[in-house]
Amino acid sequence: MVTKISVADSFKLDNAILIDPRSPAEYDDDHIIGAISLPILDNEERHEVGLMYKQISQELAIEKGLEFYSKKIPNIVKTIQPHKNKTIVVYCARGGMRSGIIASLLESIGMKVYQVEGGYKLFRNYLLEQLNNFKIKPKVYILHGLTCTGKTDLLKQLENVIDLEGLAQHRGSLYGAIGLVPNSQKKFENLLLAKLKELNDKPYILVEGESRRIGNCIMPECLWHAMEKGKNIMITRSVPLRCSAMVEEYFLNPKIAEEIKEISEKLRRTISNKNKEKMIQLMEEKEYEKSAEILLTKYYDPLYEHTLNKMEFSLTINNDNITKAVKEINEYLSSLK
């Protein structure tokens, strides 16, 4: 009989590997970091079994599910084989049938297996409890600046960084989801907690200035309050370089450029119809630099300048030369130790 284990105790095991037998869609929405996806049912099969469960009977739904599963057994065993010398920890949505089936299979072929009680649902509760009570020890420094001043590029070259837009898979603006697949709130919080734990003994944490909502993801109170108490660093950059950065990120891919055009048609705040129409016309003419300049100076800048003008900054860095900017930020942070 498979031994059950709590979520907390599962993280204490040495030489363990996590197995997630939920559907690919459930796994993509969120999963325990490091878990291997090993679905008993794919997305379509899960949908079919679910309909059968609701519309016909539980017995027939289980029978159908087992039929789908039986065809996957050889691949499941093959996938697990490289981990045969590890402790296998299996979890599903609620620690029920799917994890039980996989755990029993693996135990039957001689592997050491645990089944997580309560599955992903209790893991989610465990994570929220940790996140709600998390105490951020390092001082937080926030990079602010107008759109396309290269804040994200700077973060990629600096230490002790939490890339909030990367964790959310959203740039935090009207065009923020273009070219990306935004993460769920669950996945965002999962990844963020792991990063906070990783950096909590560092001398400082660097983040980019964001509103509390990044796309559909909302920052937890612990980080939001730490950012409110943090030190602000202003990043500036010349308009031509900002335009070039916007063109490179958004306009060169024809599909993304078309999405930009469609969204731009709906712009309302700060930009006049005349400027909006001119910007779209320039895009259609492939005058991307000129179009980007209108978007930046007539839409984005007025939108954010009011907020930035009310802030106090401990440092202002020009990012026309990113190597020089990185050096100046590192020198400033080193002087604070």
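Which residues lie nearest the centre of the second largest pocket? They are Leu 41, Val 49, Tyr 53, Met 97 and Arg 98. This is a predicted model.

## The second largest pocket

In total, 20 residues line the second largest pocket. Its volume is about 560 Å³. Three elements each give two or more residues to the lining: α3 (43-55), α4 (58-70) and α6 (97-108). Helix α4 provides the largest share, with 6 residues.

By class, the lining of the second largest pocket holds 12 nonpolar residues, 4 polar and 4 charged. One of the residues nearest the centre, Met 97, also takes part in the contact between α4 and α6.

## α4 against α6

Two of the helices that line the second largest pocket, α4 and α6, also pack on each other. Their axes are 13 Å apart, at an angle of about 40°. That angle falls outside the parallel, antiparallel and perpendicular ranges, so α4 is oblique to α6. The crossing is right-handed.

From α4 come Ile 62, Leu 66 and Tyr 69. They meet Met 97, Ile 101, Ile 102 and Leu 105 of α6. The contact has 7 nonpolar residues, with no polar and no charged ones.

## The largest pocket

How much space lies in the largest pocket? The volume is about 1300 Å³. Its lining counts 47 residues. Closest to the centre are Lys 151, Glu 165, Arg 171, Glu 208 and Gly 209.

Several elements supply at least two lining residues each. They are strand β6 (139-144) and helices α8 (151-156), α9 (164-168), α11 (221-228), α12 (239-251) and α15 (288-309). Sorted by class, the lining of the largest pocket has 17 nonpolar, 17 polar and 13 charged residues.

## α12 against α15

Helices α12 and α15 both contribute to the lining of the largest pocket. They also pack together, with axes 8 Å apart and an angle of about 105°. Angles of 65 to 115 degrees count as roughly perpendicular, so α12 is roughly perpendicular to α15.

On the α12 side, the contact is made by Val 239, Pro 240, Arg 242, Cys 243, Ser 244, Met 246, Val 247 and Phe 251. On the α15 side are Tyr 288, Glu 289, Ser 291, Ala 292, Glu 293, Leu 295, Leu 296, Thr 297, Tyr 300 and Asp 301. By class, this contact has 11 nonpolar, 3 polar and 4 charged residues.

## α13 against α14

How do α13 and α14 run, roughly parallel or roughly antiparallel? Helix α13 spans residues 254-264, and helix α14 spans residues 273-284. Their axes lie 10 Å apart, at an angle of about 165°. Angles over 145 degrees count as roughly antiparallel, so α13 is roughly antiparallel to α14. Helix α13 passes α14 in a left-handed crossing.

Ala 257, Ile 260, Lys 261 and Ser 264 come from α13. They meet Lys 276, Met 279, Ile 280, Met 283 and Glu 284 of α14. This contact divides into 5 nonpolar residues, 1 polar and 3 charged. Among the charged residues are Lys 261 in α13 and Lys 276 in α14.

Terms used. Residues are numbered from 1 along each chain as its sequence is written. This is a predicted model: local features need pLDDT of at least 70, side-chain atom pairs count only at pLDDT 80 or more; totals for chains, interfaces and linings use all residues. Side-chain values use heavy atoms; hydrogens and water are left out. On a 1 Å grid over the protein atoms alone, a cavity is a set of points where a 1.4 Å probe fits but cannot get out, and a pocket is an open set with protein on both sides within 12 Å along at least five of seven lines; lining residues have an atom within 4 Å of a point. Grid points are joined across faces, edges and corners, and a volume is the space filled by probe spheres set on the points. Helices (H or I, at least four residues) and strands (E, at least two) are DSSP runs, numbered from the N terminus. Axes are lines fitted to C-alpha atoms, for helices over the stretch in contact, and angles run from 0 to 180 degrees between N-to-C directions. Angles under 35 degrees count as roughly parallel, over 145 as roughly antiparallel, 65 to 115 as roughly perpendicular and the rest as oblique. A crossing is left-handed if the near helix is turned anticlockwise from the far one by less than a right angle, and right-handed if clockwise. Contact means heavy atoms within 4.5 Å.
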